[in-house]
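Here's a quick briefing for anyone opening this structure for the first time. Take a look at it, then read on.

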Amino acid sequence: MKYYIIAGEASGDLHASNLMKALLKQDNTADIRFWGGDLMQAVGGTLVMHYKERQFMLLDVIFNLRKILGHIKFCKKDIEAYQPDVIIFIDNSGFNLRIAKWAKAKNFKTHYYISPQVWASRASRVEKIKHDVDAMYVILPFEKDFYKKYAYEVQFVGHPLIDAIDNRKQVAEESFRKEHNLGDKPIIALLPGSRKQEITKMLAVMLSLVDDFIDYKFVIAGAPSQDFAFYKAIIGNKEVSFINNKTYDLLSVSTAALVASGTATLETALFKVPQVVCYKGGSISYQIAKRIITLKFISLVNLIMDKEVVTELIQNDFTKSNLKNELHKILNESHRKKIFTAYLELEKKLGGKGASNKTAKLIVEGLK
């Protein structure tokens, strides 16, 4: 069968690549064409466009509207030329829901893996999703109940991060430290995000703590979408290390982490690393988001647990003073034990291993 997959950003590339592997096991004749990244390309199939070519923050969307509309138009033409048996959307709702509406009208089968975060804002979109998406596979335990309120039955398949972390090739801490010249101090990982705007706003504040924690080694987790030269301008003469595209290896040897809000907060929790969640956006973007997002928390860890497990420093609360205080807390042994206990409960709620295989099986069986 012919599968057309549309993913955006690094996390979408990761989860889509694992889904592709599972699809190939379920259907050895699978022909896959996709929008994604390096991980998907490594699996096989045909890459149409890399996600790096279409990464935009909120205000960037306004200034690059013509380019974005051009991508949408090109995607539609490419789908019509390919004539897939199914289109599989991976997260990336701004782009994917537009394509889904068009595809449904053209009678293509539409499946969605990793739901748009309609539970966070603009729940009115659920009716459109019900109309335009034939099957939805959700990865957060509360999403099934959320959709049920709108009479839309979805499948909870578990979270793919559990598989991604479990399947990774593990590295020995000693060799990892030696390879990257990290010495023997406990490591504090800095995960400032993957987009230039968020890295620019958050990394400088994170780095301001380096001189206050001289008994620890600060290490920046570089995003695969950014070059070191960009980070270097922010780092200046700070005594920190930089490791690109090895976030999981870094987390596996870290004592604590300062993490930009997003998927990385959940990844950090699954590695059982105590963390402080950070977020700072542009003032206009933040004010817009504040008015449309209806959640008690911004981190996936706290959302899934429905309580504050990790501290969130948002916008004006994201200061050097507050960050310093919270880092001291998560380095305290008694506080760390509470976080570890909550992390174990979190992992149970996520449903165990096999999300990619479950989803692939449901997709293939649904096409027969």
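What follows covers confidence, a few packed helices and two loop residues.

This is a predicted model, and its pLDDT averages 91 over the protein. A good place to start is helix α13, which packs with α8 and also with α17.

**How far to trust it**
- 93% of the residues have a pLDDT of at least 70.
- Residues 286-292 are another story, with a pLDDT below 50. In the model, that stretch makes seven contacts beyond near neighbours in sequence.
- Where pLDDT is low, the predicted coordinates shouldn't be read in detail.

**α8 against α13**
- Helix α8 spans residues 160-167 and helix α13 spans residues 263-270. Their axes sit 11 Å apart, at an angle of about 55 degrees.
- The pair is therefore oblique, and α8 passes α13 in a right-handed crossing.
- On the α8 side, the contact is made by Leu161, Ile162 and Ile165. Thr263, Leu266, Glu267 and Leu270 make it on the α13 side.
- Sorted by class, the residues of this contact are five nonpolar, one polar and one charged.

**α13 against α17**
- Helix α17 covers residues 333-349, and α13 packs with it at an angle of about 110 degrees, the axes being 9 Å apart.
- That angle makes α13 roughly perpendicular to α17.
- From α13, Leu266, Thr268, Ala269 and Leu270 meet Tyr343, Leu346 and Glu347 of α17.
- This contact has five nonpolar residues, one polar and one charged.
- Leu266 and Leu270 turn up in the contact with α8 and again in the one with α17.

**How covered is α8?**
- Mostly covered: six of the eight residues of α8 are buried.
- The buried residues are Pro160, Leu161, Ile162, Asp163, Ala164 and Ile165.
- So what lies over them? The cover includes the helices α1 (9-26), α12 (247-252), α13, α17 and α18 (355-367), along with the strand β5 (110-113).

**Two asparagines with positive phi**
- Asn92 isn't a glycine, yet its phi is positive, near 50 degrees. You'll find Asn92 in the loop between β4 (86-90) and α5 (93-105).
- Is Asn92 buried or partly exposed? Asn92 counts as partly exposed, because its relative accessibility is 21%.
- Asn181 also isn't a glycine, and has a positive phi of about 55 degrees. Look for Asn181 in the loop between α9 (173-179) and β8 (187-191).
- With a relative accessible area of 64%, Asn181 is exposed.

How values were computed:
Residues numbered from 1 in each chain as written. Predicted model: local features only at pLDDT ≥ 70, side-chain atom pairs only at ≥ 80, totals over all residues. Heavy atoms only, no water. Axes fitted to C-alpha atoms, helices over the stretch in contact; angles between N-to-C directions. Helix = DSSP H or I, 4+ residues; strand = E, 2+ residues; numbered from the N terminus. Parallel < 35°, antiparallel > 145°, perpendicular 65-115°, else oblique. Left-handed = near helix turned anticlockwise from the far one by under 90°. Contact = heavy atoms within 4.5 Å. Nonpolar A, V, L, I, M, F, W, Y, C, P; charged D, E, K, R; others polar. pLDDT = per-residue confidence, 0-100. Buried < 20%, exposed > 50% of the residue type's maximum accessible area, 1.4 Å probe, protein only.
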